[in-house]
Amino acid sequence: MTSGNNGASTPEDDDPFGYLYADGQANGAQPPSGGGYGYGYPNSVNRTRSVGQRQYGQQQAPAAPNGPYGQVPPQQGQAGFGQPSAHYQAPETLPGGAPTSQQPMPGHSGGGRRGGGPNTKGLLIGAIAVVAAVVIGIGIAIAGGDDQKDDKGNEAATTPTTSQSSQPSASASETAEADLPAAEAKTMRLDGGTGLASDVKGAKSDGGVYVQGFNQVGASVTWTVNGIKKAGTYRLYVRYGLPAEDANATVTVNGKSSARPLNMKNFGGLPANEWQETWAQVSLTKGTNTIQLSCQQGNQCNALLDKFSITENVDQ
């Protein structure tokens, strides 16, 4: 080699475009050809291809193990775009590769209950409990409605009707209260020709006795009433029998006579001397009171007298 000329195909002269310059042409550079390895200088490496010449996915011829400088190592066949490579191997197929089983995410199970999935059994039990509570509530409501109906029926049964009469009757004696004072014939003071007898059966006074002779003006019976707890209006009940026609008498309380006589009629159309009961309102004071039944002018007094009793006035 001479000075300024180090020979052909030196690295610095390895110019792929040397054939374009005068010094390259002087050194014998040629345009690249289809199968050489040169870049335009003799003995240079050239791997250029014309556009469209390289076929992807095909096996390339391996190069010599000790190729010239700039040699590209042989490439394995490449798959076309979107196609698997023939030389690809999955990591799990290699020794020490990634495990092939998938690990479940924490707190999640693929299909069973054990990983934390929905507790269908618990949901079913809860739904049954709700339905049972609703059924029980409906049953209680129905039972309560029946009880209310029964209560209303009982209230209606105890409410007085307009058909009930305030007139005394033969059964009125059953309404007398035992906790208030009562007097028998022999405990009362008899005046004006009255006296005791027991010929007519059915008197409720002790021994079956009653007051007779109450059939003339001036006849009277007087009852001293003790134990009235409070002042107010009460009912005086008188049990009587009629030998003949209807009768009446004057009621005097604590010395004050009533303007309305005690009516003793045959309310039930009963036979002679059958016992029945009548009543009149009287005003009593607290403590002791005097009640007198007398035959005055204008009264029809032919009657037999049995027991007297006091009850509270149901109209007040």
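Start with the contacts across the whole protein chain: of those between residues at least 6 apart in sequence, 66% join residues at least 24 apart. Keep in mind as you click around that this is a predicted model.

Next, colour by secondary structure. You should find 2 helices and 12 strands in the protein chain. Follow the chain along its sequence and the two helices come before the strands, in the pattern α-α-β-β-β-β-β-β-β-β-β-β-β-β.

Now switch on the surface. The protein chain exposes about 21000 Å², and carbon and sulfur atoms supply 52% of that area. As for what is tucked away, buried residues make up 25% of the 316 residues.

Time for some side chains. The structure holds 3 aromatic pairs, and one of them is Trp-223 with Phe-308, so select those two. Their ring centres sit 6.4 Å apart with the planes at 75 degrees, which makes the pair edge-to-face because anything over 60 degrees counts as such. Are these two residues buried or exposed? Both Trp-223 and Phe-308 are buried.

Stay there and widen the selection to residues 220-228, strand S5, where Trp-223 lies. Then add residues 303-312, strand S12, which holds Phe-308. The two residues come from these separate strands, so their pairing ties together parts that are 85 residues apart in sequence.

Last stop: select Arg-235 and Trp-279. What lies over the face of Trp-279? That would be Arg-235, at 3.6 Å from the ring centre.

Terms used
Residues numbered from 1 in each chain as written. Predicted model: local features only at pLDDT ≥ 70, side-chain atom pairs only at ≥ 80, totals over all residues. Heavy atoms only, no water. Helix = DSSP H or I, 4+ residues; strand = E, 2+ residues; numbered from the N terminus. Buried < 20%, exposed > 50% of the residue type's maximum accessible area, 1.4 Å probe, protein only. Contact = heavy atoms within 4.5 Å. Areas by Shrake-Rupley, 256 points an atom, 1.4 Å probe, with all protein chains shown as cover. Phe/Tyr/Trp six-rings, centres within 6.5 Å; stacked < 30°, edge-to-face > 60°. Lys NZ or Arg CZ within 6 Å of the ring centre and 35° of its normal.
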